[in-house]
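Please look over the sequence and the model below before reading on, and keep the structure in view while following the text.

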Amino acid sequence: MAQMNLLQAINNALDIAMTENESAVCFGEDVGHFGGVFRATSNLQEKFGKDRCFNTPLTEQGIMGFANGLASQGSVPIAEIQFADYIFPAFDQIVNESAKFRYRSGNEFDVGNLTIRTPYGGGIAGGLYHSQSPEAYFAHTPGLKIVVPRNPYQAKGLLLAAIRDKNPIIFFEPKKLYRASTGEVPEEDYQLPLGKAEVVSNGTDITLLGWGAQMETIEKAAQMAEKEGVSCEIVDLRSILPWDVDTVAESVKKTGRLLINHEAPLTGGFAGEIAATIQDKCFLHLESPISRVCGLDTPFPLAHEKEYMPDELKTFEAIMASVNY
C-alpha cells in the first residue's frame with residue numbers, strides 16, 4: 001500500500017489505464033505539460049507523448065464532440081472538463097450524442113469507451129463559476145453513468161472501472177478533497193463495482209446517505225449524534241446513475257429513518273429522486289419523514305460559502321429532528 005492523496009490516486013489510475021491500452025488518450029484544457037489546473041495529469045505527457053496526452057482549445061463543446069468521435073471509432077478517450085461548472089457548453093454533446101449513440105443506431109455503434117472527468121463542488125472559495133455540483137442535470141439522462149468517489153482508494157478503483165466500462169461515464173471528482181483526503185491505496189491495478197453503494201458504518205437509528213466530499217460531513221455529524229445516543233448507519237452512494245436502490249432500501253428498512261445530504265441546491269437535487277423511491281419501497285418501515293440537507297436554492301455565494309454548505313451542524317440538527325419526530 002502507498003500513501004496517496006486523491007489527486008495522486010487519480011493520476012495513478014490514468015497511468016495504469018494508458019499503459020494497459022495504447023488507444024487510451026487523455027485530453028482537455030491545460031492537461032499536457034502543465035498537468036491540468038489541479039495537476040491530475042502530471043507527467044502523463046512526458047511518459048506517453050503528445051499524441052496521447054494533449055491540450056485542447058478552450059471549447060468544452062469541441063472537447064466532447066471530439067471525444068464522441070474518438071470513442072465511436074474505437075479509441076478510449078478520457079476527456080477532462082476543467083471545472084464541472086464549465087460542462088454546460090458541452091451539455092448537448094453529452095446528453096444528445098454520448099448518451100444516445102448506442103440507442104439511435106440499434107446497438108450497431110456506440111461511444112461506450114468514453115470517460116469524462118471533471119472536478120465539482122465547493123470548499124475552495126471558488127465562487128459561483130468554480131463551485132457547482134451539477135450531477136442531477138445528467139441523472140435525468142438514460143444512457144449515461146455517473147460516479148463520485150469519496151477518497152483516494154475509491155477514486156482509483158472507481159476510475160479504472162469507469163474507463164473500462166462499456167458505457168459513457170461522467171466521473172465527478174470532489175476537488176476540495178484533492179489534497180485534503182489521503183489514505184492507503186494499492187499501487188497495483190484494481191477496480192471497484194459501479195452502481196453499487198457501500199455501507200461505510202453500521203447503525204440502528206437512522207441511515208445517512210451521501211456521496212463524494214459530503215461523506216466526511218456526514219461522518220462528523222454521525223459522531224456528534226453518537227454522543228447523544230443516536231446510532232447512525234452511513235451509506236456512500238458512489239454511483240448516482242444507476243444508483244443502488246436495494247442497498248439503501250435495505251438500510252432504511254432496518255433503521256426506519258433516512259437523511260440525504262448533498263452539496264447541490266435542494267430543489268431538483270438528486271436527493272428528491274432518492275426520497276421518492278425510498279418512500280415507495282419503505283413506506284411502512286419509516287418512523288419519520290425523509291430528510292434532505294442540501295445546498296441553498298441560490299447561486300453559489302463566494303462571501304457566504306460557509307452558510308451555503310450543508311455542513312455537519314445542519315446535518316446533526318436534522319438527525320436529531322428525525323429521531324425525535
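The paragraphs that follow treat a sheet, the helices that pack on it, and then a single glutamate.

The model is a predicted one, and a good place to begin is its open sheet of five strands, in which the order is β9-β11-β10-β13-β14 and the pairing is mixed. At its edges lie β9, spanning residues 198–201, and β14, spanning residues 291–295, each of which pairs on one side only. On average, and with direction ignored, neighbouring strands of this sheet are turned by 25 degrees against each other.

At the β9 edge, the partner is strand β11 (residues 232–236), which runs antiparallel to β9 and is joined to it by three bridges; within β11, I234 is the bridge partner of S201. Helix α8, made up of residues 214–226, packs on the sheet and touches β9, β10 (206–210), β11 and β13 (258–265), while its direction makes about 175 degrees with that of β11. Helix α9, residues 245–255, lies across β9, β10, β11 and β13, and runs at about 155 degrees to β10.

Elsewhere in the chain, strand β4 (residues 76–80) contains E80, and one may ask whether E80 is buried or exposed. With a relative accessible area of 5%, E80 falls under the 20% cut-off and is therefore buried. The side chain of E80 is joined to that of R117 by a polar contact of 2.8 Å. When neighbours within four places in sequence are left aside, the residues in contact with E80 are F27, G28, E29, V31, T41, I63 and R117, so that R117 appears both in this list and as the polar partner of E80.

Notes: Residues are numbered from 1 along each chain as its sequence is written. This is a predicted model: local features need pLDDT of at least 70, side-chain atom pairs count only at pLDDT 80 or more; totals for chains, interfaces and linings use all residues. Side-chain values use heavy atoms; hydrogens and water are left out. Two strands pair if DSSP finds at least two bridges between them. Helices (H or I, at least four residues) and strands (E, at least two) are DSSP runs, numbered from the N terminus. Axes are lines fitted to C-alpha atoms, for helices over the stretch in contact, and angles run from 0 to 180 degrees between N-to-C directions. Contact means heavy atoms within 4.5 Å. Buried means under 20% relative accessible area, exposed over 50%, partly exposed in between (1.4 Å probe, protein chains only). A polar contact is a pair of N or O atoms within 3.5 Å; within protein, one must be able to donate a hydrogen and the other to accept it, and residues adjacent in sequence count only if both atoms are side-chain atoms.
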